[in-house]
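Here is a colleague's note for someone meeting this structure for the first time. Please keep the sequence and the 3D view at hand while reading the points.

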Amino acid sequence: MLIVKSLVKLSTCLLIVFGGALEHRAQQPSAATLRGIITDPAGAVVVGASVKATHVATKTARDTETNDEGVYVLTNL
């Protein structure tokens, strides 16, 4: 009987700990970073190329340009 009570207490504690962690995880905002390099067909980087990312559902868009190395970065998407 003592073992059963101990297992019930342990199970309850684990449920509280892991259940709380899952709930906390679910409330964190989601964000992504999109980065890449734009090159031409010959493999040379393209400086100043326009890059646009559009969220299909909300139609919101973010724009940027490639730098001197052809790199673009869009953060907090």
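The points below go from the overall fold to the surface and then to two threonines.

1. This is a predicted model, and the values in this note should be read with that in mind. The protein chain holds one helix and four strands, and, taken from the N terminus on, these elements follow one another as α-β-β-β-β.

2. The protein chain has 77 residues, of which buried residues make up 10%. Its accessible surface comes to about 6500 Å², and carbon and sulfur atoms account for 62% of that area. As for how the chain meets itself, if one takes the contacts between residues at least 6 apart in sequence, 38% of these join residues at least 24 apart.

3. On the surface, Ile37, Val45 and Val47 together make a nonpolar patch of about 260 Å². One of these residues, Val47, belongs to the loop that runs between strand 1 (34–37) and strand 2 (50–54), and Val47 is also among the residues in contact with Thr66, which is the subject of the next points.

4. Is Thr66 buried or exposed? Thr66 sits in the loop between strand 3 (61–65) and strand 4 (71–74), and with a relative accessible area of 5% it counts as buried, because that value falls under the 20% cut-off.

5. Which backbone atoms lie by the polar side-chain atoms of Thr66? The backbone oxygen of Val46 is 2.7 Å from a polar atom of the Thr66 side chain, while the backbone nitrogen of Ala49 is 2.8 Å from a polar atom of that side chain. Both Val46 and Ala49 also appear among the contacts of Thr66 which, once neighbours within four places in sequence are left aside, comprise Ile38, Val46, Val47, Gly48, Ala49, Val51, Val71 and Tyr72.

6. Thr75 is placed in the segment after strand 4. Its relative accessibility is 34%, so it counts as partly exposed, a class that lies between the 20% limit for buried and the 50% limit for exposed residues.

7. Where does Thr75 meet other parts of the chain? Apart from neighbours within four places in sequence, Thr75 is in contact with Ala32, Thr33 and Arg62. For Ala32, the separation along the chain is 43 residues, yet the C-alpha atoms of Thr75 and Ala32 are 6.3 Å apart.

8. To bring the two threonines together for the reader: Thr66, in its loop between strand 3 and strand 4, is buried, whereas Thr75, in the segment after strand 4, is partly exposed.

Note on methods:
Residues numbered from 1 in each chain as written. Predicted model: local features only at pLDDT ≥ 70, side-chain atom pairs only at ≥ 80, totals over all residues. Heavy atoms only, no water. Buried < 20%, exposed > 50% of the residue type's maximum accessible area, 1.4 Å probe, protein only. Contact = heavy atoms within 4.5 Å. Areas by Shrake-Rupley, 256 points an atom, 1.4 Å probe, with all protein chains shown as cover. Patch = residues over 30% accessible without salt bridge, like charges linked within 9 Å, V, L, I, M, F, W, Y side chains within 5 Å. Salt bridge = Lys/Arg side-chain N within 4 Å of Asp/Glu carboxyl O. Polar contact = N/O pair within 3.5 Å; in protein donor to acceptor, adjacent residues only side chain to side chain.
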